[in-house]
Structures are given as C-alpha cells and as structure tokens.
Amino acid sequence: MKKDFYDFGLIGLGVMGRNFILNVADNNFKALGYDLDDEKVNALIEEGGNSDRVNATTELSEFTQGLSHPRKIMLLVPAGKIVDQVIEDLLPHLDEGDIIIDGGNSFFTDTDRREEYLQSKGINFFGSGVSGGAKGARRGPSIMPGGNREAYQHVKPIFEAVAAKYKGEPCVAYLGPKSAGNYVKMVHNGIEYAMMQLTSEIYDVLKKGAGLSNEELHEVYSKWNKGRLQSFLVEITAEIFEQKDDLTDGYLVDAILDKAKQKGTGKWTSQNAMDLGIPIPTIDVAVSMREISALKEERVNAESVYPKSEIESRPKDELIVEAENALYFSFIMAYAQGLHQLANASKEYDYDLNLSEIAKIWRAGCIIRAELLADISEAYTALPELDSILISPIFVSKIKETLGGTKKLLTFGMNNGIPLPGVANSLNYFYAYTSGRLPLNLIQAQRDHFGSHTYERLDRDGVFHTEWEA
C-alpha cells in the first residue's frame, strides 16, 4: 500500500461501503478502506482503478496510520454488537479529537450510549443516517449526521461533496447533538414503510378493481411520477411493472412471494412514537401489514373459509383518478405523522431539530424523496413552530381537493373485500386530528367507573371522581 495520508477512512467494504468510498474518491478526497475480507479489499482497489485517491487494506494499524488528523472514520457495518466491537478494535489506534461516524441504522439510544462512552476518551462520535441504498451511496445519498457541532466541521466538506444535490443544494445538514441523526433516519424509515404500504395498496385496488395489466400499471405510475406524486417510490414502482421474469414468460412482480421482510427501523419508529404519545397510525399499520404478510399459510387457509365475492365493475379512468387522490392524500398523512413525531422527539431529547432543513435534505438521494417535500420545507420555513402540516395554508387546499376521491376509493375497497389499511388509517387519522370533540369523554367515564381513575370536566377546572350508581 502506498505510504500516504488519506482524508477519509471507511470500515466495511460491502456493496454499500464500497460505493460510498468510491463516491468520496470521485469527489477528489483521498479515501482509505478497511475490511477483514481480502476479496472485498481487492474489489475496491480494482474498481477504483488503482487510483491514488482510493485504496484499502486488511490491516487495522495500517489503516489508522494512513489517515490524516483528526481521523475521520466511517463505519458501514451491520447495526448492533458489531458496531461496539469495531469501536473497541479502533480505540487503541486513535488519538484525542479523532472522529468515528456510524453510518448504519443503529437504534438512537445505542448512539447516545456510544457517544457518551467515546466522549470520555476524547473521541467524537457521530450517528449519521445514510439513505438511498447502494445506488444512492455511489451517486449521492441523503445524509443525516448528528453529534458534536464543532467536530462536524471536519466532516462537512466531504459529506456535502458526496451527498445528493437538489437544484445544487447538498442533501446533508448537521441535524443536532447526540443521536439526532440516527433518530431522524429512523423516522425517515418509518415514513418509508408507510409510503411503500400505501403504494402497494393502490396497486392492489387498481389490479383487482380495475383489472389493470402490468403494462397499464406501468403507464399509470409513470404518468403519476410526472405529476404531484413525483417520488422515488412511484418511479421505481413504474419500473417494476415492466420488468419481465427471466425464469418464466410472465412479469417478475407476479412471481414474487407476497411476504415482506423488515429490518426493524419501522418497528422502532412505532414503538418510540408510543413512548412519546404521538399518533402515527399509517406508519403503525405498515409495520403490522408486513407482520400479517408473513402469515402466508394462515392467510391462504383463511381465504378458503371466507372466499371473496366477485368485485364490482368500475370504469378504469374513474378508479385511477380516485386512486391518485388517495395516494397523494395518504402520502401527506404519512409525512405529517413522521414530522409530528420528530417535532416532539426534538423537545423530549433536546435535539433542536429544524424540520424545514430535514425536509430539504430528503428532497433528493433518499428513499422517501418526493416533490411534496419542497412544499413541506416551505411550510416549516413559513411557520417553524407549526403543529402539523395539515393546518399549513400550503396543504389545506391539497387535502381538501383529494379528500373526496380518497373516501370513494376506500368505500370501494371495503365493499369489495380489498384491504386498504394504510389509506383507511390515513383518513381516520385526518378525521380524528381535525375533530374538535372526540368520544374519549366516554372512555374517561369508563375508567373512573371501574377504576376510580378520575376525570376532568369541560365546564370547570380540577380533577373529579364520581361514585357511579350500580
């Protein structure tokens, strides 16, 4: 290996790590990789074309000695115990002021623990979400760093160079102290779960309800991606529908088993929202639907017990318009719920998050990038303390004009046994959030009746209890 100092180090040279480090090198920073696997090291060197800007080694001491000070070392390894193990392996080779960046999907409390531990040893630690998948890592991801603000200045030029660009603006920003970056990435993934679920529900209702072929579905989603639904997920969905299967004469999407897996970030989002007392029902049901999808044999058996009736015929064009309304409306609800959670987490964990800035760095590079995010950023720029985008003047008209189509599509689905839980939860969330009075007064009465849990009144202050008559 050439004896030289490199600007940036990366540990974990799988596809994601290799692509990220090549992106760094492409942007004129000298980058050094480390992995225990000789094949991965050699693959990086070969793909880098033996350039003097990128190199790799299997020797940890050689890796750390080859980096300029303060060392800037990014970990792209699986979340969990392996992150702690890599940190322990690194520590004897580091100096005060060096920077470790965890680019994986670590749970935010693990990041807080690691930051506190490394701070005691004079090492700066960043939890930095990276979204965009392997292609994004190579071409430009959205990056969500959190940690010490001063230390970030050493990393900032590199991250801004490699990040995706939206109209020339890099999709990366310092988000806040401690685990702010990992937390924002977690909620990003929760919104991602919701948007994927919603996209699949609309596909289902168009396929079953309107009888659209894959060719027609491709055309519909392609058209939507040129309008207000422009987004990464709608774009790739259109591409999926035209992919032929190499093993049969049909289309690949029809040959894929209907069991969706998950890595846990959506579940973490739901669990933490419950801890905070923040409602995110569209995200919650997206997690639940992946769990229901895993019950394939049970579902097939249950279908034989409860066979579906024949689906009523609807004009294709009519159903497509309603589907577009429902998807757009539900996308807004998914973003609204995730951002509501971020706003409350910011207060609870002292992150001081800038929601307008977060929306900006999601506009390109990441999985939930969409044209909607420009409006969301504008809404929070105009009103930084906005309770919800649902009451932003920018969104009120958008919601009102899609509400009717959403209701019609949901009614059609319910009447014909087509499950639309994401759309239903989105609509019910909207109805509940915009209801000045909910029937929870009855729940409070019930709680007081069976458990003397007390209640409050509308007409006077104080806490009350009633000895309910038998």
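## Strands β5 and β6

In this predicted model, strand β5 (residues 99-102) and strand β6 (residues 124-131) run parallel and are joined by four bridges. Within this pairing, Ile-100 stands opposite Phe-125 of β6.

## The sheet around them

Strands β5 and β6 belong to an open sheet of seven strands, ordered β3-β2-β1-β4-β5-β6-β7. The pairing in this sheet is mixed. Its edge strands are β3 (54-57) and β7 (142-146), each of which pairs on one side only. On average, neighbouring strands of the sheet are turned by 25° against each other, with direction ignored.

## Helices on the sheet

Helix α4, made of residues 81-90, lies across four strands: β1 (8-11), β4 (72-75), β5 and β6. Helix α4 runs at about 155° to β4. Helix α7, residues 149-162, also packs on the sheet and touches β1, β4, β5, β6 and β7. The direction of α7 makes about 45° with that of β5.

## Arg-71 and its two partners

Side chains of opposite charge can pair when their charged atoms come close. The structure holds 21 salt bridges, and Arg-71 takes part in a bridge with Asp-95 and in another with Asp-98.

In the bridge between Arg-71 and Asp-95, the closest N and O atoms are 3.0 Å apart. Arg-71 sits in the loop between α3 (60-65) and β4, while Asp-95 sits in the loop between α4 and β5, so this pair ties together parts that are 24 residues apart in sequence. Is Arg-71 buried or exposed? Arg-71 has a relative accessible area of 6%, and because buried means under 20%, Arg-71 counts as buried. Asp-95, at 35% relative accessibility, is partly exposed.

The side chain of Arg-71 also meets that of Asp-98, with an N to O distance of 2.8 Å. This second pair links distant parts of the chain as well, 27 residues apart, with Asp-98 in the loop between α4 and β5. Asp-98 is buried, and its relative accessible area is 1%.

## Asp-102, Arg-114 and a network

Another salt bridge starts from strand β5 itself: the side chains of Asp-102 and Arg-114 meet at 3.9 Å, N to O. Asp-102 lies in strand β5 and Arg-114 in helix α5 (residues 108-119), so the pair links distant parts of the chain that are 12 residues apart. Both residues are buried: Asp-102 has a relative accessible area of 0%, and Arg-114 has 2% relative accessibility.

Which residues are joined into one network with this pair? Salt bridges that share partners connect Asp-84, Asp-102, Asp-110, Arg-113 and Arg-114.

## Asn-19 in helix α1

Asn-19 belongs to helix α1, which covers residues 15-26. With a relative accessibility of 11%, Asn-19 falls under the 20% cut-off and therefore counts as buried. Leaving aside residues up to four places away in sequence, Asn-19 touches Ala-134, Lys-135, Ala-137 and Arg-138.

Technical notes:
Residues are numbered from 1 along each chain as its sequence is written. This is a predicted model: local features need pLDDT of at least 70, side-chain atom pairs count only at pLDDT 80 or more; totals for chains, interfaces and linings use all residues. Side-chain values use heavy atoms; hydrogens and water are left out. Helices (H or I, at least four residues) and strands (E, at least two) are DSSP runs, numbered from the N terminus. Buried means under 20% relative accessible area, exposed over 50%, partly exposed in between (1.4 Å probe, protein chains only). Contact means heavy atoms within 4.5 Å. Two strands pair if DSSP finds at least two bridges between them. Axes are lines fitted to C-alpha atoms, for helices over the stretch in contact, and angles run from 0 to 180 degrees between N-to-C directions. A salt bridge is a side-chain nitrogen of Lys or Arg within 4 Å of a carboxyl oxygen of Asp or Glu.
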